[in-house]
Amino acid sequence: MSSTPHVRAQLSAYLDAALATADRNAVEAHLASCTDCRARLAELRDTASLIGALPDLAPTRRLVPRLAPVPVWLAPLRTLATLASGVSVFLFIASALLANIGTLSAGSATTALNAPAAAPAASGGGVAAAPAPAGGLASASATTPRGAIQAPSATPQPNADTSKAFTTASAAPTAAEAARGATSVPNDAVSNGAGDRSSHEVANPGPATNPWVWLVLAIVTGAIALALHRRLRSA
Amino acid sequence: MAMKSSGEESEHFALITRAKSGDGRAFEDLARREERALYRHAARIVGPGPDAEDVVQDALLSAWKSIHAFEGTSFRAWLFRIVTNRALDRVRARRRRPELPLEPADDEDVIWAEPAAPGPDLATIAASREALTVVEEALRGVPEEQRAALLLRDVEGFAYEEIAIMTSVEIGTVKSRIHRARVAVRNALVERGWTGPAG
């Protein structure tokens, strides 16, 4: 046991080498003869090590302010991207609606348009097939007046022929399937006056007529606009 | 605190010079290096989460606005000074009735808890997650001025002189705060059955 008073109050500073030389010497002299103070010092040393070993903490967001100047073209680009996104959404809706209208008119137009293919199969002769396109045109004109206008050469035929073409077309599944492609652009089919050719063209619609292309474009430009907006806001 | 090579040091000073002349990107580079450390320091004073993040964000913005006033050699210490003061202000503002910081009259009055019964020593408990949880809990119970001083010393590695400047108190006060906070953490460990290295 040491004869000098304990130096507990000095132990942390001694541990951190923050004592003046005279004080440090006094502490060391006491420690040499005091087991209790040596034990306290060891405890404090280990406590400091534990505090230093505490797990790191990470922020959930960026804390450094953005100070670098924002490029001048960033704001106009954001506006452009926003507009492009809006236009793409509009085009998507418009093209999707057009495609749906075409499908709705398919019930009357397609069956009639494909009568040339269906009629021979049903009647077994080429005679019944001849008047069918005309009948198809008359039927299509009920839903798509433009078709009727664009086909001035169409000759009105008796109703009996039209209904016959209708029933025969619906009875032939292959004809109905072929007609489905043609329905998306009934006007073209009618104005050309050649159902077979038009159904061929529509079978592979170009990217401009595919509504999903516009939707993808809307999403991409929208994401760009959002990213630019966030960048501008954080500046 | 990691030592810097001479190349890193000259780059660091070049960044400080550029930041002082108004280069925002240079300041961003400097601040990003300390972002995480500043956050963990603030989080252990005000508590982890949005409050601590706001403290650091405000402090960095304030540091940028007064970058021309930076005269010292340690940019890190300067940032820690601003963050520490902001964090302490935040804790004081939270209180309904502000309390005067309780500084001890004499460090000899500090109470040292005695282990109730022999338990595991530090080598055993240091590896356990429980010990670190006990330390975190014990720190939360330490008055914030003492806690800030202890964290600046034991976690961030600042010298007593630097802590005195950063917290605008006498070096004797720093000495006392660190000692009291450290003994408080030691006592918390002892109360959990730790007997110390000699136990």
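The paragraphs below lead through a predicted model, from the interface of its chains A and B to two cysteines and a surface patch in chain A.

Where chain A and chain B meet, 38 residues of chain A are in contact with 50 residues of chain B, and the area buried between these two chains comes to about 4,000 Å². Carbon and sulfur atoms give 63% of that buried area, while charged side chains also take part, with eight salt bridges found across the interface of chain A and chain B. A salt bridge also joins B:Arg186 to A:Glu43, and in this pair the closest N and O atoms lie 2.6 Å apart.

Turning to the cysteines, the count of disulfides over all chains is zero. A:Cys34, accordingly, is in no disulfide, and the nearest cysteine sulfur, which belongs to A:Cys37, is 3.7 Å away. Because a disulfide requires two cysteine sulfur atoms within 2.5 Å, the 3.7 Å between the sulfur of A:Cys37 and that of A:Cys34 is too far for a bond. Both side chains can also be placed by their accessibility: A:Cys34 counts as buried at 1% relative accessibility, and A:Cys37 is likewise buried, with a relative accessible area of 0%.

On the surface, by contrast, A:Val72, A:Trp73, A:Leu77 and A:Leu80 form a nonpolar patch, and together these residues have about 460 Å² of accessible area. One of them, A:Leu80, is found in helix 4 of chain A, which covers residues 74-104. A:Leu80 has a relative accessible area of 56% and is therefore exposed, since exposed residues are those over 50%.

Methods
Residues are numbered from 1 along each chain as its sequence is written. Chains are lettered from A and ligands numbered from 1 in the order in which they are written. This is a predicted model: local features need pLDDT of at least 70, side-chain atom pairs count only at pLDDT 80 or more; totals for chains, interfaces and linings use all residues. Side-chain values use heavy atoms; hydrogens and water are left out. Patches are made of residues with over 30% relative accessible area and no salt bridge: like charges are joined within 9 Å, nonpolar side chains (Val, Leu, Ile, Met, Phe, Trp, Tyr) within 5 Å. Accessible areas come from the Shrake-Rupley method with a 1.4 Å probe; for residues, only the protein chains shown count as cover. A salt bridge is a side-chain nitrogen of Lys or Arg within 4 Å of a carboxyl oxygen of Asp or Glu. Helices (H or I, at least four residues) and strands (E, at least two) are DSSP runs, numbered from the N terminus. Buried means under 20% relative accessible area, exposed over 50%, partly exposed in between (1.4 Å probe, protein chains only). Contact means heavy atoms within 4.5 Å. Buried area is the accessible area (1.4 Å probe) that two parts lose on being put together, summed over both.
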